[in-house]
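Please open the model in your viewer and keep the selection panel at hand. The tour moves from one selection to the next and says what is found at each stop.

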Amino acid sequence: MKQPHRQRKTVPSGGRPETEVAAAMQPVHKSQKLSNVCYDIRGPVLEHAKKMEDEGHRIIKLNIGNPAPFGFFAPDELIEDVIANLPAASGYSDSKGLFAARKAIMHYAQQKHLPNVAMDDIIVGNGVSELIVMAMQALLDNGDEVLVPAPDYPLWTAAVSLAGGRAVHYVCDEEQGWFPSIDDIRAKITPSTRAIVIINPNNPTGAVYPPELLQQIVEVARQHQLIIYADEIYDKVLYDEVKHTSIASLAPDLFVVTFNGLSKNYRACGYRAGWMILSGEKKHAKDYIEGLNMLASMRLCANVPSQHAIQTALGGYQSIDDLVAPGGRLARQRDLAHKLLTDIPGVSCTKPQGALYLFPKLDPKVYPIADDQQFILELLQQEKVLLVQGSGFNWIAPDHFRVVFLPNSDDLIEAIGRIARFLESYRKRHGAAE
């Protein structure tokens, strides 16, 4: 009797039939550690903008503080030093960074009056972003809490979550110049609180904190034995003769970790050259510091070519001073963008004293917004201007967005003109009174 025909199964080298292998494949899911991690500066709206660009649309991008596309380039002497040292930059450096780079950073720490800083207290990284993640990974166990400002630079919240911790947001008060609320900080402290993050000058608000306020934060940290993490990446991007004070200089008896780098002050974002400085009283943090050193060694070292720019940057002519001085390009563009935005009905904005951003408020009575990400997406689709919504910076209400004022004056006029046109149509569509 003839046997019925059976489909032959091909057997791959692993010994299992292909059909069986296919049936056994399971979806590959991302780690649950990423469940509460987001970074909307490069989030879903940006992905939509990329699709629009692929279709031939020109998008005006005011979403990210990346100076180079707007004609702000790293100083020539930095570029020259990197080129000159390339032949000697092929190998790994010390896991904490090149001697000359760390020596220059140590001298800078002395200029900023950071106490008790030696060469071994400095770790160079591939930008501050890498070091923030490293600092949180070394510190946090599941359930530990870190006080983070609202609004914040969202990498801080993401890094805390990725490390298994919980970011607890304390409010910065817009009515008080976007300064942190000391009362809210105190109210948010629990037995699980390990540290407090200070972003000064602040991204996204541009606030620069006076010594008196910083001293109050130090006192809270002292009372509750908190580590202070100070993000000072914009400490030279200051306007109107405002002075910056490093919070570590006010806390010689506390353990403070200060972050800085070349990205903003020296318009060298792509170099990925940042550092963290451990200062103050470090004896009780010995075990944590061992953890940091372990993580620094695990990634071998920061990229070596760009480290050769650090000594020249910190010791040479500070070209950022010309850009932020009255009449300088950044100062002019800040003033122009602030005026254009606040001339729009229902829009108010605290004028930034530092950094590269404005964080305007939309009057909820004029702009009844329920979902600010959808609002920003509609702006992109209608006017081809890319911004980041306030909730992308962990702000508590759907009534803010961040504007980068890096484009030249003509482009700012065009971009904010489009924003004004969109807001006018929004007011008409939603029947809001001006």
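What follows is a walk through a predicted model, beginning with the annotated region and ending with some backbone details.

**The annotated region.** Begin by selecting residues 59-418, where the UniProt record, an unreviewed entry, places the feature "domain: Aminotransferase class I/classII large". Over this range the chain is 36% helix and 17% strand, and the C-alpha atoms at the two ends are 11 Å apart.

**The eight-stranded sheet.** Next, colour the open sheet of 8 strands, which can be followed in the order β2-β9-β8-β7-β6-β3-β4-β5 and whose pairing is mixed. At its edges are β2 (122-125) and β5 (179-180), each of which pairs on one side only.

Within this sheet, select β3, residues 145-150, where 6 of the 6 residues are buried, so the strand is largely enclosed by the rest of the structure. In a regular strand the side chains alternate between the two faces of the sheet. Showing the side chains of β3, you will find Glu 145, Leu 147 and Pro 149 pointing one way and Val 146, Val 148 and Ala 150 the other way, with all of them buried. The neighbouring strand β4 pairs with β3 in the parallel sense over 6 bridges, and the bridge partner of Leu 147 in β4 is Val 168.

Moving along the sheet, select β7 (residues 227-231) together with β8 (residues 255-261), which also pair in the parallel sense, here over 4 bridges; a residue pair to label is Ala 230 with its bridge partner in β8, Thr 258.

**A helix.** Now turn to α5, residues 127-139, a helix of 13 residues that reaches 19 Å from its first C-alpha to its last, close to the 18 Å expected at 1.5 Å a residue. Its buried residues are Gly 127, Val 128, Leu 131, Ile 132, Met 134, Ala 135, Met 136 and Leu 139.

**Aromatic pairs.** Display the rings of Phe, Tyr and Trp, among which the structure holds 14 aromatic pairs. Select Trp 178 and Trp 395 to begin with: their ring centres are 5.1 Å apart and their planes stand at 75°, so the pair is edge-to-face. Because Trp 178 lies in the loop between β4 (166-173) and β5, and Trp 395 in the loop between β14 (388-389) and β15 (401-404), the pair ties together parts that are 217 residues apart in sequence. Both Trp 178 and Trp 395 are buried.

A tilted pair comes next, formed by Tyr 367 and Tyr 426 at 6.2 Å centre to centre with 40° between the planes. Here Tyr 367 is in the loop between β12 (361-362) and α14 (372-383) and Tyr 426 is in helix α15 (residues 409-430), so that the pair links distant parts of the chain, 59 residues apart. Tyr 367 and Tyr 426 are both buried.

Returning to the tryptophans, add Phe 359 and Phe 393 to the selection, and you have one aromatic cluster made up of Trp 178, Phe 359, Phe 393 and Trp 395.

**The three-stranded sheet.** Select the open antiparallel sheet of 3 strands, ordered β11-β15-β14, with β11 (357-358) and β14 as the edge strands. Between β11 and β15, which run antiparallel, there are 2 bridges, and Leu 358 has Val 403 in β15 as its bridge partner. While these strands are in view, show Arg 402, whose charged end sits over the ring of Tyr 357, 4.0 Å from the ring centre.

**Cysteines.** Which sulfur is closest to that of Cys 172? The closest cysteine sulfur is in Cys 349, at 15 Å, which is too far for a bond, and the structure as a whole holds 0 disulfides. Cys 172 is buried, with a relative accessible area of 2%, and Cys 301 is buried as well, at 11%.

**Backbone details.** Finally, inspect the loop between β6 (193-199) and α8 (211-224), which contains Pro 201 and also Pro 204. The peptide bond from Asn 200 to Pro 201 is cis, with omega near -5°, and another cis peptide bond joins Asn 203 and Pro 204, with omega about 25°.

Two residues other than glycine have a positive phi: Asn 116, near 60°, and Ala 355, near 70°. Asn 116, in the loop between α4 (99-111) and β2, is exposed, with a relative accessible area of 51%, whereas Ala 355, in the loop between β10 (347-348) and β11, is buried at 0% relative accessibility.

Methods:
Residues are numbered from 1 along each chain as its sequence is written. This is a predicted model: local features need pLDDT of at least 70, side-chain atom pairs count only at pLDDT 80 or more; totals for chains, interfaces and linings use all residues. Side-chain values use heavy atoms; hydrogens and water are left out. A disulfide is a pair of cysteine sulfur atoms within 2.5 Å. Buried means under 20% relative accessible area, exposed over 50%, partly exposed in between (1.4 Å probe, protein chains only). The expected span of a helix is 1.5 Å times one less than its number of residues. Two strands pair if DSSP finds at least two bridges between them. UniProt positions are given in the numbering used here, feature names are shortened, and annotations may be inferred rather than shown by experiment. Rings of Phe, Tyr and Trp (its six-membered ring) pair if their centres lie within 6.5 Å; planes under 30 degrees apart count as stacked, over 60 as edge-to-face and the rest as tilted. A charge sits over a ring if NZ of Lys or CZ of Arg is within 6 Å of the ring centre and within 35 degrees of the ring normal.
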